[in-house]
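Hello,

Here is the structure I promised to pass on to you. Please open it first, and then read my notes below alongside it.

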Amino acid sequence: MSEDVARSEPSATPESGTASTQATTRQPGAAPGRASGVAGLLRTGMGRNLGLVVALVLLCLVGVITAGDTFATGANVLTILRLAAVIGVVSIGMTFVITGGGIDLSVGAMVALASVWATTLATQQMAADFHWILMVSTALLVGAACGLVNGLLIAYGKVVPFIATLAMLAAARGLAEIISDRKTQIITVNSFGDFFGGSFLGVPVLVWMFVIVAALGWVLLNRTTFGRRTFAVGGNAEAARLAGIKVQRHTVALYVLAGLCCGIAAVMLMARTTTGSSTHGQLYELDAIAAVVIGGTLLSGGRGTIVGTVFGVLIFTTLNNVFTLNNLSISAQSVAKGLIIVIAVLLQQRLAARATTP
């Protein structure tokens with residue numbers, strides 16, 4: 001892309017992620033800066049993140065009140081962070097896809113397929129002969145390949161994201177069952193578990209991996225041309241195309257990125273459970289979408305926030321932890337997640353309507 005075209009691309013404000021295509025449709029004077037008081041603050045990126053912090057603090061208070069000392073322990077905090085790390089990495093990839101105007105229902109199945117393929121006897125034997133990096137590479141390649149198929153179907157096959165990724169969900173889960181024969185594959189490469197199961201500065205390696213992925217995701221989304229193109233494509237794909245952005249190629253890149261994140265999550269899940277299984281990653285698509293929406297990313301695309309997604313993941317993981325400590329069933333947790341998603345979407349629609357009102 002020429003410099004002229006690059007300069008003509010829509011710009012995005014850090015962590016607000018509002019595409020210029022949205023900004024151009026907003027009435028003059030209706031920008032968030034015009035609003036005053038609490039309502040105006042909540043429309044800003046800082047206000048939305050502040051609301052998430054308050055929600056997380058209140059949730060922790062509920063945990064302390066209902067579960068007492070069991071919740072407020074260092075071991076329980078590390079457990080929450082370990083659980084948040086895996087789904088957090090998946091959610092980072094989902095943030096890019098949704099900000100770009102798409103959706104990915106196959107993330108859980110891709111995690112399962114990547115973990116199974118990386119733990120086959122052949123892969124583990126090669127890893128034992130050479131290095132555990134072979135297992136990691138296999139998981140990353142499988143995740144990226146699945147994302148590539150999703151992207152090609154959507155961008156060039158003109159299949160709507162919902163159908164394409166739903167098909168991948170079924171195919172990847174089925175392929176994982178065939179490869180593993182529906183049996184859990186135990187990891188026998190000790191060096192793999194020793195590295196990923198360890199800690200650095202008292203913090204588990206898995207948590208550090210989540211921090212690194214989130215930091216790289218924030219830079220990519222808010223400080224690079226790739227991020228600006230993502231906001232533009234999600235805000236208005238046709239306007240982005242007229243601005244010189246190769247929308248189809250960028251869409252493929254977004255799904256490959258999401259698949260790569262699933263491959264990383266598969267490695268983290270393999271390290272946490274020391275297994276590869278076709279049942280890994282079940283309902284991850286629901287958890288990831290919920291975390292992204294709670295964080296403030298618009299389901300319609302054009303606005304996304306990595307910081308919000310991180311808080312969304314922490315809120316949902318803490319909520320699950322509180323439910324578990326209070327012996328609430330998985331079914332009750334699913335109902336609560338569904339309600340929270342609906343409430344978050346309704347709030348998003350209300351705030352978006354206010355933002356475009358003169």
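Q185 is a good place to begin: with a relative accessibility of 15%, this residue falls under the 20% cut-off and so counts as buried. Please keep in mind that the model is a predicted one. Q185 sits in strand β1, which covers residues 185–186. Its side chain is joined to the side chain of T119 by a polar contact of 2.7 Å. Which other residues does Q185 contact, once neighbours within four places in sequence are set aside? Besides T119, they are V116, T120, I179, S180, T274, T275 and G276.

Some of those names come back in a pair of helices. Helix α6 spans residues 107–118 and helix α9 spans residues 161–180. Their axes come within 8 Å and cross at roughly 25°. An angle under 35 degrees counts as roughly parallel, and α6 and α9 are therefore roughly parallel to each other. Their crossing is left-handed. On the α6 side, the residues that meet α9 are G108, A109, M110, A112, L113, V116 and W117. On the α9 side, the partners are M168, L169, A172, R173, L175, A176, I179 and S180. By type, the residues of this contact comprise twelve nonpolar, two polar and one charged. V116, I179 and S180, which belong to this contact, are also among the residues that Q185 touches.

Next, have a look at E177, which lies in helix α9. Is E177 buried, partly exposed or exposed? Its relative accessible area is 26%, so E177 is partly exposed. Leaving out neighbours within four places in sequence, E177 is in contact with R182 and S278. The C-alpha atom of E177 is 9.1 Å from that of A112, although 65 residues separate the two along the chain.

S277 brings us back to A112 from another direction. Where is S277 found? The residue is in the loop between β4 (275–276) and α15 (284–295). S277 has a relative accessible area of 6%, so this residue is buried. Its side chain makes a polar contact of 2.8 Å with the side chain of T279. Not counting residues up to four places away in sequence, S277 touches A112, S115, V116 and T184. V116 is thus a contact of S277 and also a contact of Q185.

There is a second helix pair to look at. Helix α8 (residues 133–155) and helix α14 (residues 247–273) have axes that come within 7 Å and cross at roughly 150°. Angles over 145 degrees count as roughly antiparallel, and α8 and α14 are therefore roughly antiparallel to each other. This crossing is right-handed. The residues of the contact between α8 and α14 divide into 16 nonpolar, eight polar and no charged.

Finally, a few words on the chain overall. The protein chain has 17 helices and four strands. Of its 358 residues, 49% count as buried. Among contacts in the chain with a separation of 6 or more, 78% are between residues 24 or more positions apart.

If you want a route through the model, start at Q185 and its contact with T119, go on to the contact of α6 with α9, and then look at S277 in its loop.

Best wishes

Definitions and conventions:
Residues are numbered from 1 along each chain as its sequence is written. This is a predicted model: local features need pLDDT of at least 70, side-chain atom pairs count only at pLDDT 80 or more; totals for chains, interfaces and linings use all residues. Side-chain values use heavy atoms; hydrogens and water are left out. Axes are lines fitted to C-alpha atoms, for helices over the stretch in contact, and angles run from 0 to 180 degrees between N-to-C directions. Helices (H or I, at least four residues) and strands (E, at least two) are DSSP runs, numbered from the N terminus. Angles under 35 degrees count as roughly parallel, over 145 as roughly antiparallel, 65 to 115 as roughly perpendicular and the rest as oblique. A crossing is left-handed if the near helix is turned anticlockwise from the far one by less than a right angle, and right-handed if clockwise. Contact means heavy atoms within 4.5 Å. Ala, Val, Leu, Ile, Met, Phe, Trp, Tyr, Cys and Pro count as nonpolar, Asp, Glu, Lys and Arg as charged, and the others, Gly among them, as polar. Buried means under 20% relative accessible area, exposed over 50%, partly exposed in between (1.4 Å probe, protein chains only). A polar contact is a pair of N or O atoms within 3.5 Å; within protein, one must be able to donate a hydrogen and the other to accept it, and residues adjacent in sequence count only if both atoms are side-chain atoms.
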